[in-house]
Amino acid sequence: MNANIQFPSVVSSRLIEVTPEMAEAWLKRNVRNRPVSARTLATYVRDIERGQWQVNGQSIVIDARGDLLDGQHRL
């Protein structure tokens, strides 16, 4: 393990309800993620429409600049 790894001084998490407007704004800052998978997206839409979407510990990750790092499909 490299002892010179720099970690951010402040890391936080919280559970919030993400509105469509919030998701849209964050997705506009999606500059480094892979292309959206239609199959994954369709699965999430189906689960939401059936009331089967569950909080499972997967997060939306946004860096200190506000750029989306992880969670594009969940958004």
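This section describes the fold, the surface, and selected side-chain interactions of a predicted model.

The protein contains two helices and two strands, and from the N terminus on these elements follow the order α-α-β-β. Buried residues account for 12% of the 75 residues in the protein. The exposed area of the protein is about 6700 Å², of which carbon and sulfur atoms supply 52%. When contacts between residues at least 6 apart in sequence are considered, 61% of them join residues at least 24 apart. One pair of residues distant in sequence is formed by Pro-20 and Leu-75, which are separated by 55 residues along the chain and by 8.1 Å in space, C-alpha to C-alpha. Pro-20 belongs to helix α1, and this residue is classed as exposed because its relative accessible area is 66%.

Charged side chains are considered next. The count of salt bridges comes to five. In one of them, the side chains of Asp-67 and Arg-29 meet at 2.8 Å, N to O. This salt bridge links distant parts of the chain, the two residues being 38 residues apart. Asp-67 is placed in the loop between β1 (61-62) and β2 (68-70), whereas Arg-29 is placed in the loop between α1 (20-28) and α2. The two partners fall into separate accessibility classes: Asp-67 has a relative accessible area of 10% and is therefore buried, while Arg-29, at 36% relative accessibility, counts as partly exposed. Asp-67 also meets the side chain of Arg-65 in a salt bridge, at 3.2 Å, N to O. Arg-65 has a relative accessible area of 56%, so this residue is exposed. Salt bridges link Arg-29, Asp-63, Arg-65 and Asp-67 in a network. A further salt bridge brings together the side chains of Asp-70 and Arg-74, at 3.6 Å, N to O. Both of these residues are partly exposed, since the relative accessible area is 38% for Asp-70 and 22% for Arg-74.

The segment after β2 includes Gln-72 and His-73. Gln-72 counts as buried because its relative accessibility is 7%, which is under the limit of 20%. The side chain of Gln-72 makes a polar contact with the side chain of Asn-30, at 2.6 Å. Apart from neighbours within four places in sequence, Gln-72 is in contact with Leu-27, Asn-30, Asn-33, Arg-34, Pro-35 and Val-36. His-73 is likewise buried, as its relative accessible area is 10%. With neighbours within four places in sequence again left aside, the contacts of His-73 are Arg-34, Pro-35, Val-36, Ser-37, Thr-40, Leu-41 and Tyr-44. Arg-34, Pro-35 and Val-36 thus appear among the contacts of Gln-72 and also among those of His-73.

Two of the residues in contact with His-73, namely Val-36 and Leu-41, also take part in a nonpolar surface patch. This patch is formed by Val-36, Leu-41 and Val-45, which together have about 230 Å² of accessible area. Leu-41 lies in helix α2 (residues 38-49). With a relative accessibility of 37%, Leu-41 is classed as partly exposed, because this value falls between the limits of 20% and 50%.

Tyr-44, also in contact with His-73, leads to the aromatic residues. A pair of aromatic rings is described by the distance of the centres and the angle of the planes. One aromatic pair is present in the structure. Tyr-44 and Trp-53 form this pair, with 5.2 Å from centre to centre and 80° between the planes. The arrangement is edge-to-face, because the angle of 80° is over 60 degrees. The accessibility of the two partners can be set side by side: Tyr-44, at 19% relative accessibility, counts as buried, and Trp-53, at 38% relative accessibility, counts as partly exposed. The value for Tyr-44 is under 20%, and the residue is therefore placed in the buried class.

Technical notes
Residues are numbered from 1 along each chain as its sequence is written. This is a predicted model: local features need pLDDT of at least 70, side-chain atom pairs count only at pLDDT 80 or more; totals for chains, interfaces and linings use all residues. Side-chain values use heavy atoms; hydrogens and water are left out. Patches are made of residues with over 30% relative accessible area and no salt bridge: like charges are joined within 9 Å, nonpolar side chains (Val, Leu, Ile, Met, Phe, Trp, Tyr) within 5 Å. Accessible areas come from the Shrake-Rupley method with a 1.4 Å probe; for residues, only the protein chains shown count as cover. A salt bridge is a side-chain nitrogen of Lys or Arg within 4 Å of a carboxyl oxygen of Asp or Glu. Helices (H or I, at least four residues) and strands (E, at least two) are DSSP runs, numbered from the N terminus. Buried means under 20% relative accessible area, exposed over 50%, partly exposed in between (1.4 Å probe, protein chains only). Rings of Phe, Tyr and Trp (its six-membered ring) pair if their centres lie within 6.5 Å; planes under 30 degrees apart count as stacked, over 60 as edge-to-face and the rest as tilted. A polar contact is a pair of N or O atoms within 3.5 Å; within protein, one must be able to donate a hydrogen and the other to accept it, and residues adjacent in sequence count only if both atoms are side-chain atoms. Contact means heavy atoms within 4.5 Å.
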